[in-house]
Amino acid sequence: NPIQVLLICGGGSSEHEVSLRTADFIERELQKCGDLQLTRVTMSAEGQLHDGSGKLRELRSDRLLYSSNGSAQPVDYVIPAIHGYPGETGDLQSQLEILGLPYYGCGPEASKLCFNKVTTKLWLSALGIDNTPYRFLCANTAEETAKARDALKRWGAIFIKASNQGSSVGCYKVTEEATLAQVLDKAFRLSPYVLVEKCLTVRELEVAAYTYKGELVITPPGEVCAPADTFYSYEEKYAENSRAETHVVAKDLSDAQLGWIYEASKRAFIGLQLKDLSRIDFFLTDEGDIYLNEVNTFPGMTPISMFPKMLQNQGHDFNVYLADLIRSAVNQTA
Ligand code: ATP
Ligand code: MG
Ligand code: MG
Ligand code: MG
């Protein structure tokens with residue numbers, strides 16, 4: 001019998017559309033595996049699942065996927081291909097844990113820790129991994145936002161980030177105090193915590209960290225280059241006319257820098273108890289300092305995205321990698 005795989009995409013976050021493109025990639029890859037049978041459903045912003053013909057579907061506690069006419073099909077494995085809420089935030093994974101269904105990617109706790117940019121930093125510091133200097137604000141009050149004003153004075157330029165977004169949604173560069181209040185309002189509308197980071201002039205390096213046939217693999221860093229007049233914003237990530245460039249392998253890094261990134265990635269993967277996949281992003285400053293920027297527990301798999309390209313470059317076919325994870329997870333549960 002083929003393994004019944006349920007691919008869930010969409011979801012309620014600002015990255016709903018990006019998730020559909022990630023799911024397109026995963027679907028195409030898994031169609032190459034004859035022993036897997038894929039069903040794809042899209043989650044609406046309200047949390048309902050719809051199949052390709054728009055019909056309502058429901059995953060119930062008997063681990064069957066129901067149709068509105070009462071018929072049902074078994075589910076052996078779930079791929080929560082959702083960026084942001086409720087996938088990358090760990091909420092869907094909690095539900096799958098309760099159902100006892102194996103799934104692709106990090107568990108609820110690691111997902112939650114990594115998706116929240118504040119807890120990521122606290123955890124990284126606890127693991128002894130350098131990260132960008134920051135303050136964090138827990139309310140949009142005069143007292144709290146004074147911290148952002150002080151940071152701007154001290155650092156000259158800052159990055160304001162909503163703590164629970166991806167794809168650069170809720171990220172704003174601020175260089176003038178006059179715009180600060182307005183930007184903070186926008187960030188606080190998206191999330192209850194807001195991060196204020198020192199704005200660094202950087203090269204942006206990313207590694208894929210994943211489990212291939214039972215072994216942890218950390219690729220050499222690739223690089224994304226945003227145009228000089230902006231940063232790696234939502235538009236530069238996904239717009240048709242994006243000017244961003246990507247390099248699957250970053251050039252001109254010293255052995256010491258490569259070693260540092262490798263060790264930090266490994267420590268983050270193990271310390272945060274990641275599972276199956278992640279993309280770990282670094283900043284290399286003009287002064288030669290390296291900071292871990294963030295851990296993406298369900299990285300994008302769109303045409304511009306680095307994660308699939310870095311696997312490919314490592315000689316690892318995505319479908320072979322994912323099918324192996326699926327078979328061993330299903331065998332362990334059986
Ligand atoms: P992703 O799509 O990778 O999940 P994200 O939304 O989680 O991204 P970040 O990676 O934290 O957000 O920031 C988005 C982009 O903003 C970075 O790729 C970089 O171009 C820029 N950026 C973020 N923080 C800084 C900083 N402290 N200094 C300079 N540039 C920054
Ligand atoms: Mg991110
Ligand atoms: Mg992300
Ligand atoms: Mg990022």
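Counting salt bridges across this predicted model gives 17 of them. One of these pairs Glu27 with Arg40, whose closest N and O atoms sit 2.7 Å apart. Glu27 belongs to helix 1 and Arg40 to strand 2 (residues 36–43), so this salt bridge ties together parts of the chain that are 13 residues apart in sequence.

**How the chain is divided**

Let's step back to the domains. The assignment splits the protein chain into domain 1 (3–104 + 322–333), domain 2 (113–130 + 201–316) and domain 3 (134–198). As the ranges show, domain 1 and domain 2 are each written as two segments, while domain 3 is given as a single one. Between the centres of domain 1 and domain 2, taken over C-alpha atoms, the separation is 25 Å. Their contact draws on 19 residues from domain 1 and 19 residues from domain 2.

**Where domain 1 meets domain 2**

The size of an interface is often expressed as the accessible area lost when the parts come together. Here, domain 1 and domain 2 bury about 1,600 Å² between them, and 62% of that area is on carbon and sulfur atoms. On the domain 1 side, the residues that lose the most area to domain 2 are Arg21, Glu88 and Tyr104, which together make up 37% of what that side buries.

What about polar links across this boundary? The salt-bridge rule finds zero between domain 1 and domain 2, whereas four residue pairs are in polar contact, with both residues at pLDDT 80 or more. As for the elements involved, helix 1 (16–30), strand 7 (77–81) and helix 10 (318–333) each supply at least two residues of the domain 1 side that touches domain 2. Helix 1 provides the largest share, five residues. By residue class, the domain 1 side comprises 11 nonpolar, four polar and four charged residues.

**Around ligand 1**

Which residues come nearest to ligand 1? Of the 23 residues around the ligand, they are Lys117, Ser167, Ser168, Glu204 and Lys237. Some side chains also place a polar atom at a short listed distance from a ligand atom, as tabulated here.

| Side chain | Ligand 1 atom | Distance |
|---|---|---|
| Glu197 | nitrogen | 2.9 Å |
| Arg279 | oxygen | 2.8 Å |
| Glu294 | oxygen | 2.8 Å |

By the domain ranges, Glu197 falls in domain 3 (134–198), while Arg279 and Glu294 fall within the 201–316 segment of domain 2.

**Two backbone details**

Most residues other than glycine have a negative phi, and most peptide bonds are trans. Two places in this model are worth a look with that in mind. Tyr85 and Pro86 are joined by a cis peptide bond, with omega about 0°, and Pro86 is placed in the loop between strand 7 and helix 2 (91–99). Arg63, a residue other than glycine, has a positive phi near 60°. Arg63 lies in the loop that runs between strand 4 (56–59) and strand 5 (64–67).

Conventions: Residues are numbered from 1 along each chain as its sequence is written. Chains are lettered from A and ligands numbered from 1 in the order in which they are written. This is a predicted model: local features need pLDDT of at least 70, side-chain atom pairs count only at pLDDT 80 or more; totals for chains, interfaces and linings use all residues. Side-chain values use heavy atoms; hydrogens and water are left out. Domain bounds come from an automatic or database domain assignment. Contact means heavy atoms within 4.5 Å. Buried area is the accessible area (1.4 Å probe) that two parts lose on being put together, summed over both. A salt bridge is a side-chain nitrogen of Lys or Arg within 4 Å of a carboxyl oxygen of Asp or Glu. A polar contact is a pair of N or O atoms within 3.5 Å; within protein, one must be able to donate a hydrogen and the other to accept it, and residues adjacent in sequence count only if both atoms are side-chain atoms. Helices (H or I, at least four residues) and strands (E, at least two) are DSSP runs, numbered from the N terminus. Ala, Val, Leu, Ile, Met, Phe, Trp, Tyr, Cys and Pro count as nonpolar, Asp, Glu, Lys and Arg as charged, and the others, Gly among them, as polar. A residue is near a molecule or strand if one of its heavy atoms lies within 4 Å of it.
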